[in-house]
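The following exercises introduce a protein structure by way of worked solutions. Please examine the sequence and the model before reading each solution.

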Amino acid sequence: MQRIYEPRDLLEAQMLTGMLAGEGIETFLAGGHLVGAMGELPAIGLLGLMVADRDAVRARQLIAAYNGALPLPGDEPESYPGELIC
């Protein structure tokens, strides 16, 4: 297994895990059990998404594409330009 990404919080970790699962990539979240012990403090460096060696390149590409995504014109809320509507 390879650690491919450090999510900033548990929400991002779960969202990326779901995205990767949708692409057929199984993930393991290292450090997920530590976040609750910290309360609302940032989890920087504690969380890590891990995938099988064979899936590492594809998973990194998918996460890079996700992080680089821009909203489509007209899909931004007026109060938060640059943010996607979910």
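**Exercise 1.** State which residues Met-1 touches, not counting residues up to four places away in sequence, and decide whether Met-1 is buried or exposed.

*Solution.* The model is a predicted one. Step one: with residues up to four places away in sequence left out, Met-1 touches Phe-28, Met-50, Val-51, Ala-52 and Asp-53. Step two: Met-1 is placed in the segment before E1. Step three: the C-alpha atoms of Met-1 and Ala-56 are 8.3 Å apart, although 55 residues separate the two along the chain. Step four: the relative accessibility of Met-1 is 57%. Exposed means over 50%, and Met-1 therefore counts as exposed.

**Exercise 2.** Describe the secondary structure of the protein chain and the order of its elements.

*Solution.* Step one: the protein chain has three helices and three strands. Step two: read from the N terminus, the elements follow the pattern β-α-β-α-β-α. Step three: the chain has 86 residues, of which 29% are buried. Step four: among contacts with a separation of 6 or more, 60% are between residues 24 or more positions apart.

**Exercise 3.** Determine the order in which the strands form the sheet, and how they pair.

*Solution.* Step one: the three strands make an open sheet, ordered E1-E3-E2, with antiparallel pairing. Step two: strand E1 (2-5) and strand E2 (27-30) are the edge strands, each pairing on one side only. Step three: on average, neighbouring strands of this sheet are turned by 40 degrees against each other, direction ignored. Step four: the pairs can be taken in turn. Three bridges join E1 and E3 in the antiparallel sense, while E2 and strand E3 (residues 48-51) pair in the antiparallel sense over four bridges. Step five: individual residues show the register. Arg-3 stands opposite Met-50 in E3, and Phe-28 also stands opposite Met-50. The bridge partner of Leu-29 in E3 is Leu-49.

**Exercise 4.** Establish which residues of E3 are buried on each of its faces, and which strands are touched by helix H1.

*Solution.* Step one: on one side of E3, Gly-48 and Met-50 are buried; on the other side, Leu-49 and Val-51 are buried. Both faces of E3 are thus covered. Step two: helix H1 (residues 10-22) packs on the sheet and touches E1, E2 and E3. The direction of H1 makes about 165 degrees with that of E2. Step three: helix H3 (residues 56-67) lies across E1 and E3, and runs at about 10 degrees to E1.

**Exercise 5.** Find the angle at which H1 and H3 pack, and name the residues that make the contact.

*Solution.* Step one: the angle between H1 and H3 is about 120 degrees, and their axes are 11 Å apart. Step two: angles of 65 to 115 degrees count as roughly perpendicular and those over 145 as roughly antiparallel; H1 and H3 are therefore oblique to each other. Step three: the crossing of H1 and H3 is right-handed. Step four: H1 contributes Glu-12, Met-15, Leu-16, Met-19 and Leu-20 to the contact, and H3 contributes Ala-59, Leu-62, Ile-63, Tyr-66 and Asn-67.

**Exercise 6.** Identify the residues of the largest nonpolar core and the element that supplies the largest share.

*Solution.* Step one: the core has 11 residues, namely Ile-4, Tyr-5, Leu-16, Leu-20, Ile-25, Leu-49, Val-51, Ala-56, Ala-59, Leu-62 and Ile-63. Step two: at least two residues of this core come from each of E1, H1, E3 and H3. Step three: H3 supplies the largest share, with four residues. Step four: Ile-4 may serve as an example. Apart from its neighbours within four places in sequence, Ile-4 is in contact with Leu-20, Leu-49, Val-51, Ala-56, Ala-59, Arg-60 and Ile-63. In soluble globular proteins, nonpolar side chains tend to be buried together.

**Exercise 7.** Locate Arg-58 and classify its accessibility.

*Solution.* Step one: Arg-58 belongs to helix H3. Step two: its relative accessibility is 42%. Partly exposed covers values between 20% and 50%, so Arg-58 counts as partly exposed. Step three: leaving aside its neighbours within four places in sequence, Arg-58 is in contact with Glu-23 and Ile-25. Step four: Arg-58 and Ile-25 are 33 residues apart along the chain, and their C-alpha atoms are separated by 8.7 Å.

Technical notes:
Residues are numbered from 1 along each chain as its sequence is written. This is a predicted model: local features need pLDDT of at least 70, side-chain atom pairs count only at pLDDT 80 or more; totals for chains, interfaces and linings use all residues. Side-chain values use heavy atoms; hydrogens and water are left out. Two strands pair if DSSP finds at least two bridges between them. Axes are lines fitted to C-alpha atoms, for helices over the stretch in contact, and angles run from 0 to 180 degrees between N-to-C directions. Contact means heavy atoms within 4.5 Å. Buried means under 20% relative accessible area, exposed over 50%, partly exposed in between (1.4 Å probe, protein chains only). A nonpolar core is a set of buried Ala, Val, Leu, Ile, Met, Phe, Trp, Tyr and Cys residues joined through side-chain atoms within 4.5 Å. Angles under 35 degrees count as roughly parallel, over 145 as roughly antiparallel, 65 to 115 as roughly perpendicular and the rest as oblique. A crossing is left-handed if the near helix is turned anticlockwise from the far one by less than a right angle, and right-handed if clockwise.
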